[in-house]
Amino acid sequence: MHILRLLHRSPSSSAATGAFAFAFLRRTMDSVSTAGDPISPANTRVGWIGTGVMGRSMCGHLIRAGFTVTVFNRTIAKAQTLIDMGAKLADSPRSVATQSDVVFSIVGYPSDVRHVLLDPTSGALPGLRPGGVLVDMTTSEPSLAEEIASAAAVANCFSIDAPVSGGDLGAKNGKLAIFAGGDEIVVKRLDPVFALMGKVNYMGTSGKGQFAKLANQITIASTMLGLVEGIIYAHKAGLDAGKFLEAISAGAAGSRSLDLYGGRILKRDLEPGFYVNHFVKDLGICLNECQRMGLALPGLALAQQLYLSLKSHGEGNLGTQALILTLERLNNVSVQPTVSSSESA
């Protein structure tokens with residue numbers, strides 16, 4: 001029997017309130033958290049919704065580890081690689097859930113999250129059996145994560161918000177930072193699966209994973225702005241931009257963003273590891289949360305305006321490193337593509 005099917009047997013689903021259901025589920029999870037077999041390909045079926053730049057690589061790690069995986073994507077061609085690896089194709093999120101014990105989702109926008117998980121006709125939650133788990137890895141609204149968790153509890157299921165950071169390379173290499181919110185015991189039970197994609201960091205109750213990811217995006221936005229401004233400044237001063245980046249990488253200005261994107265910027269590789277359109281969405285969510293919390297973060301507001309400029313120029317499907325284009329336009333300069341000495345050797 002699948003281990004996740006052991007997590008709950010509701011005494012009276014029609015009479016139980018959402019709060020009672022969640023408490024009962026928690027007690028049940030406590031009782032099996034050390035007694036049951038660890039989650040493994042032998043006892044846990046996985047569903048995956050969203051096979052874009054990030055999701056395709058992340059799901060691929062689970063297939064290679066031997067998990068039985070059922071996938072759904074609106075554009076079937078984007079799921080073909082996973083199908084070729086052995087994944088089964090479903091025609092709706094609900095169909096994914098009926099064939100899965102744990103369902104992961106990583107889609108574009110909060111409206112997409114709501115649709116693929118909560119839609120009463122085609123959503124995953126209505127198709128998930130009691131004791132099943134939803135894991136949303138989309139960067140989305142904390143309030144929506146809380147709403148999904150409440151709906152899952154009423155359905156005698158669990159929900160974890162677990163957005164990620166690390167871009168396309170982190171996804172390909174299984175080195176993502178995962179920010180998890182929800183029941184800590186559930187997160188721990190899922191660790192064998194999370195470990196295939198990166199390092200999971202438990203951040204607190206439902207919604208806290210999303211809050212952590214939004215804070216991450218604020219940090220990235222300011223870091224990327226500093227990176228491209230430094231490149232523009234070095235170029236205007238007559239420096240070799242490649243040598244400049246190499247020189248600062250070992251100093252206090254070194255950063256993960258520099259390592260991931262500095263070389264891409266200089267080579268004019270603006271392909272998306274993370275889309276500008278999605279980053280604009282993330283920063284907009286951040287600003288809405290700032291307004292709700294009474295926070296003034298001027299660096300965040302400036303970064304969003306600069307990224308919106310990219311979107312208005314029709315560059316929303318480029319990667320976030322395309323911010324160099326906005327700064328070039330503002331300063332009427334063009335940093336010429338370069339090839340590193342190691343590449344030319």
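# Exercises on a predicted model

Ring pairs join W48, F104 and F194 into a cluster. The model is predicted. The exercises below start with the whole chain and then move to single residues.

**Exercise 1. State how many helices and strands the protein chain has, and what share of its residues is buried.**

Solution.
- Step 1: Count the elements. The protein chain has 17 helices and nine strands.
- Step 2: Turn to burial. Of the 345 residues in the protein chain, 51% are buried.
- Step 3: Look at contacts between residues at least 6 apart in sequence. Of these, 68% join residues at least 24 apart.
- Step 4: Take the surface. The accessible surface of the protein chain is about 15,100 Å². Carbon and sulfur atoms hold 55% of that surface.

**Exercise 2. Place S105 in its element and decide: buried or exposed?**

Solution.
- Step 1: Find the element. S105 belongs to strand β4, residues 102-105.
- Step 2: Apply the cut-off. Buried means under 20% relative accessible area. S105 has a relative accessible area of 1%, so S105 is buried.
- Step 3: List the contacts, leaving aside neighbours within four places in sequence. S105 touches I49, L117, V135, D136, M137 and T138.

**Exercise 3. Find the aromatic pairs that involve F279 and describe their geometry.**

Solution.
- Step 1: Search the whole structure. The search gives four aromatic pairs.
- Step 2: Take F274 and F279. This pair is edge-to-face, with 6.2 Å centre to centre and 90° between the planes.
- Step 3: Take F279 and Y307. Their rings are also edge-to-face, at 4.9 Å centre to centre and 80° between the planes.
- Step 4: Place the second pair. F279 is in helix α14 and Y307 is in helix α15, so the pair ties together parts 28 residues apart in sequence.
- Step 5: Check burial. F279 has 1% relative accessibility, so F279 counts as buried. Both F279 and Y307 are buried.

**Exercise 4. Which residues form a nonpolar patch with L297, and where does L297 lie?**

Solution.
- Step 1: Name the patch. M293, L295 and L297 form a nonpolar patch on the surface. Together they have about 250 Å² of accessible area.
- Step 2: Locate L297. L297 sits in the loop between α14 (276-293) and α15 (298-312).
- Step 3: Classify L297. Its relative accessible area is 32%, so L297 is partly exposed.

**Exercise 5. Which residue lies over the face of Y109?**

Solution.
- Step 1: Name the residue. K281 lies over the face of Y109.
- Step 2: Give the distance. K281 is at 6.0 Å from the ring centre.

Notes:
Residues numbered from 1 in each chain as written. Predicted model: local features only at pLDDT ≥ 70, side-chain atom pairs only at ≥ 80, totals over all residues. Heavy atoms only, no water. Helix = DSSP H or I, 4+ residues; strand = E, 2+ residues; numbered from the N terminus. Buried < 20%, exposed > 50% of the residue type's maximum accessible area, 1.4 Å probe, protein only. Contact = heavy atoms within 4.5 Å. Areas by Shrake-Rupley, 256 points an atom, 1.4 Å probe, with all protein chains shown as cover. Patch = residues over 30% accessible without salt bridge, like charges linked within 9 Å, V, L, I, M, F, W, Y side chains within 5 Å. Salt bridge = Lys/Arg side-chain N within 4 Å of Asp/Glu carboxyl O. Phe/Tyr/Trp six-rings, centres within 6.5 Å; stacked < 30°, edge-to-face > 60°. Lys NZ or Arg CZ within 6 Å of the ring centre and 35° of its normal.
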